[in-house]
Amino acid sequence: MVTATAHPNFALIKYWGKASDKLNLPAAGSISVTVDKFVTRTSVRFNPKLEQDVIYLNNKKVQRQHSKRIRFFLDLVREMAEDQRFAEVHSFNNFPTAAGLSSSSAGFAALALSASRAAGLNLGSSDLSVLARRGSGSAARSIHGGFVELLFGNREDGRDSRARPIGGKGFWPICIMIAITAKSPKDISSRDGMRLTSRTSPYYQSWIKSTQTDLPEMRTAILARDITKVGELTERSCLRMHGAMLSADPGIIYWNGGTLSVIEAVRDLRAQGYPVYFTIDAGPQVKIICEQASKSVVEAALKSCAGVVQLIATRPGGAARLVRNEA
Ligand code: PMV
């Protein structure tokens with residue numbers, strides 16, 4: 001049994017749209033921050049006696065019709081390791097799954113590390129990131145801690161679309177606050193939402209183009225630890241991504257009333273002079289970034305926001321890592 005942990009990451013410059021569905025290649029690069037506190041812990045054992053993969057999430061057996069993506073991912077590992085055995089997988093999240101908290105990024109990063117080791121492979125972080133990307137684009141970034149960039153890559157086989165660190169866990173200990181406004185799973189998966197957006201939004205090409213120009217600016221802003229620039233670029237990328245989703249046909253709306261009240265509170269805080277910025281992924285939760293010095297003011301303001309059911313303060317977290325290897 002091999003066990004690995006990984007943390008989810010939140011994109012500052014978002015990825016929304018694929019260059020290839022088959023290879024799960026993004027249409028543009030992206031930049032994120034891996035967060036502490038939230039964690040996925042996954043154990044894998046390949047067993048010659050099994051006649052199919054058996055998968056448990058938070059101690060509940062996942063029905064075959066819901067485990068297609070995981071079984072496809074295990075097939076990739078089996079192919080790489082030239083191993084025919086099926087696997088037993090136990091995965092635990094200490095946070096809500098499929099609710100816009102990037103559970104798939106932590107999930108596939110932890111699975112890439114634990115399954116590849118359990119199959120006898122010893123992949124470096126670059127190859128692990130490419131493998132994790134096949135499960136979920138954002139998972140490529142959770143192989144690393146801190147601030148991370150997922151490269152678009154030039155190769156047709158996708159082997160150079162991998163993540164690389166910009167600044168590790170301790171590089172810039174900003175405060176990342178998560179305002180949970182609903183805990184139920186989302187209605188439309190990222191995969192389906194991306195497909196619909198790329199096929200039907202008249203703004204899709206402009207969205208991809210604007211991401212390409214945002215990436216070098218964000219890299220520079222992170223390296224300069226410039227909260228204002230990082231925050232402005234973060235909000236802009238978020239709103240443009242949601243703009244592209246809203247203009248799909250039919251339009252995709254992941255937000256709820258709580259999402260809007262948090263946006264308003266963040267803008268109020270800014271009007272009072274605090275450098276506080278928001279970002280939102282494929283779900284109604286709002287992630288807020290600010291300096292540690294503003295943490296208590298931000299916390300107090302967001303706690304009283306209508307629709308916020310839970311507020312969690314965290315900071316940049318570490319890389320995916322092995323915690324037990326009994327293979
Ligand atoms: O890789 P996925 O399928 O989890 O999609 C990620 C989509 C966003 O979270 C909205 C943006 C991103 O870059 O993480």
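The following exchange examines the ligand site and some salt bridges of a predicted model.

Visitor: What makes the approach of Tyr-15 to the ligand a polar contact?
Guide: A backbone N or O atom of Tyr-15 lies 2.9 Å from an oxygen atom of the ligand. The cut-off for such a pair is within 3.5 Å, so this one counts as a polar contact.

Visitor: Which side chains place an N or O atom 3.0 Å from a ligand oxygen?
Guide: Ser-104 does so with a polar side-chain atom, and Ser-136 with a side-chain N or O atom. The protein buries 94% of the 380 Å² that the ligand exposes when taken alone.

Visitor: Why is the pair Arg-195 and Asp-21 called a salt bridge?
Guide: Their side chains meet at 3.6 Å, N to O. The limit is 4 Å between a Lys or Arg side-chain nitrogen and an Asp or Glu carboxyl oxygen, so the pair qualifies. Arg-195 lies in helix H5 and Asp-21 in the loop between strands S3 and S4, so the salt bridge ties together parts 174 residues apart in sequence.

Visitor: Why is Glu-149 called buried or exposed?
Guide: Its relative accessible area is 2%. Buried means under 20%, so Glu-149 is buried.

Visitor: How do you know that Arg-219 is classed correctly, and what does Arg-219 pair with?
Guide: Arg-219 has 27% relative accessibility. That value falls between 20% and 50%, so Arg-219 is partly exposed. Arg-219 forms a salt bridge with Glu-149, the closest N and O atoms being 2.6 Å apart. Glu-149 is in strand S10 and Arg-219 in helix H6, so parts 70 residues apart in sequence are tied together.

Key
Residues numbered from 1 in each chain as written. Predicted model: local features only at pLDDT ≥ 70, side-chain atom pairs only at ≥ 80, totals over all residues. Heavy atoms only, no water. Polar contact = N/O pair within 3.5 Å; in protein donor to acceptor, adjacent residues only side chain to side chain. Areas by Shrake-Rupley, 256 points an atom, 1.4 Å probe, with all protein chains shown as cover. Helix = DSSP H or I, 4+ residues; strand = E, 2+ residues; numbered from the N terminus. Buried < 20%, exposed > 50% of the residue type's maximum accessible area, 1.4 Å probe, protein only.
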